[in-house]
Amino acid sequence: MTVAQKTHYENLELPPTASAEEIKKSFRALIARYHPDKVQHLGKEFQDMAADRAAELTEAYRILSDAGRRADYDRMLSAAPPAPHPHPHPHPETAAPPPPPQPAEHPSESPKRDAGREPSRPPGETPGPGEPDNRTFKEERQVRDEYMRKATLSRFRTAVSALGGYDETQLRGFEIAFVPKSKFLSKNKNPRLLGRFLSRVDGSAVAETWSEAGKWTSDDVCVLLLGSSLAPARELATAIAEQRKKSRSKVTLIPVDARDWAAHIPTDAPDVAKSLLARLKGGT
C-alpha cells in the first residue's frame with residue numbers, strides 16, 4: 001500500500017476501532033451517494049468517478065466486514081513502518097519557555113466569542129464512532145457540488161442547443177446565458193434563458209438572482225435557478241411571490257433540483273421553458 005493511498009478505514013471514514021455495526025452503517029450511507037440512480041444525469045466523466053469511488057467503498061466493506069480478512073488487514077497495517085513524526089519533541093532544556101498567562105476571560109464573553117464556532121478537537125485526534133469529520137465532509141461536499149455544477153451546466157447547454165433558436169452569450173452573475181436568434185423582419189418573442197447554479201436554492205437566493213436578472217435586460221427573461229439542494233416549496237413560492245409584487249422586471253424564475261431535475265414551474269411559465277425542462281428531465 002503506497003503512502004498516498006487511503007486505508008479501507010479512511011475510505012469508510014471510520015477509525016480502526018470501529019465496530020462491525022458501524023462499518024455496515026457507514027458503508028450503506030456512503031455507497032448510497034454514488035448509486036447509479038444518483039449520478040445518471042451527470043456526464044460520463046463524473047459517472048466514471050462515482051463508479052471508482054463505489055468500487056473503493058465496496059472493496060473496503062468486503063475486507064472489513066469479514067472478521068478473518070479484517071484481522072489480516074489489521075496485521076498488515078501494523079507491520080507497515082510508521083511515518084516519521086514531522087515535529088520531534090524538543091529537549092526540556094532547549095524547549096521554548098511557556099507563553100505568559102492570559103488574563104482571565106469574563107464568563108459572559110466566552111459564549112459570544114464561540115458562537116457559531118465548531119467545537120475544537122485536539123490535533124491528530126480521530127473522530128469517535130458516529131461523529132462526523134467536519135473537514136472531510138465539507139471537502140467532499142465542495143467537490144460534489146463542483147462536479148454537479150459542471151455536469152448540470154453542460155446538460156443545460158446541450159438541451160438548449162437541441163431546442164434550437166438560441167445563441168449563447170455571456171452575462172455577469174450567471175454561468176450560462178442564451179438569447180433568442182433574430183428573425184428576418186420580425187422579433188423573436190421567446191425569452192432570454194439564464195442559468196445559475198448554487199449549492200442551495202432558498203428564499204435569499206431567489207431574491208438575489210431576481211435582482212441580478214432584472215439589471216441586464218428589459219426583455220422577457222427566464223431564469224433556471226439550479227441547486228444541489230432546495231429549500232421547502234413554501235419558502236420558494238413565498239420568495240417568488242414577493243419579488244413579483246415589488247419588481248417590474250419581466251422575470252420568470254424557476255427553482256430546479258439539479259439532482260433529479262424536479263422543478264417548481266409557475267403556471268405562466270413560457271412554453272420554451274417547459275420544453276427545456278422536459279428535455280433536461282428526460283435526458284434528451
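Visitor: Which residues does Ser 228 touch, not counting residues up to four places away in sequence?

Guide: This is a predicted model. In it, Ser 228 touches Arg 144, Asp 145 and Met 148. Phe 197, Leu 198 and Ser 199 are also on its contact list, as are Asp 257 and Arg 259.

Visitor: Where is the place of Ser 228 along the chain?

Guide: Ser 228 sits in a loop. That loop runs between strand β4 (221-227) and helix α9 (233-246). The protein chain as a whole has 10 helices and 6 strands.

Visitor: Is Ser 228 buried or exposed?

Guide: Read the relative accessible area. Buried means under 20%. Ser 228 has 4%, so Ser 228 is buried. Across the 284 residues of the protein chain, 32% count as buried.

Visitor: What lies 2.8 Å from a polar atom of the Ser 228 side chain?

Guide: The backbone oxygen of Ser 199 does. Ser 199 is also one of the residues that Ser 228 touches.

Visitor: How far is Gln 142 from Ser 199 in sequence and in space?

Guide: Compare two separations. In sequence, Gln 142 and Ser 199 are 57 residues apart. In space, their C-alpha atoms are 8.7 Å apart. Gln 142 lies in helix α7, residues 134-163.

Visitor: Is Gln 142 buried or exposed?

Guide: Use the other cut-off: exposed means over 50%. Gln 142 has a relative accessible area of 56%, so Gln 142 is exposed.

Visitor: What share of contacts between residues at least 6 apart in sequence join residues at least 24 apart?

Guide: In the protein chain, the share is 64%.

Conventions: Residues numbered from 1 in each chain as written. Predicted model: local features only at pLDDT ≥ 70, side-chain atom pairs only at ≥ 80, totals over all residues. Heavy atoms only, no water. Helix = DSSP H or I, 4+ residues; strand = E, 2+ residues; numbered from the N terminus. Buried < 20%, exposed > 50% of the residue type's maximum accessible area, 1.4 Å probe, protein only. Polar contact = N/O pair within 3.5 Å; in protein donor to acceptor, adjacent residues only side chain to side chain. Contact = heavy atoms within 4.5 Å.
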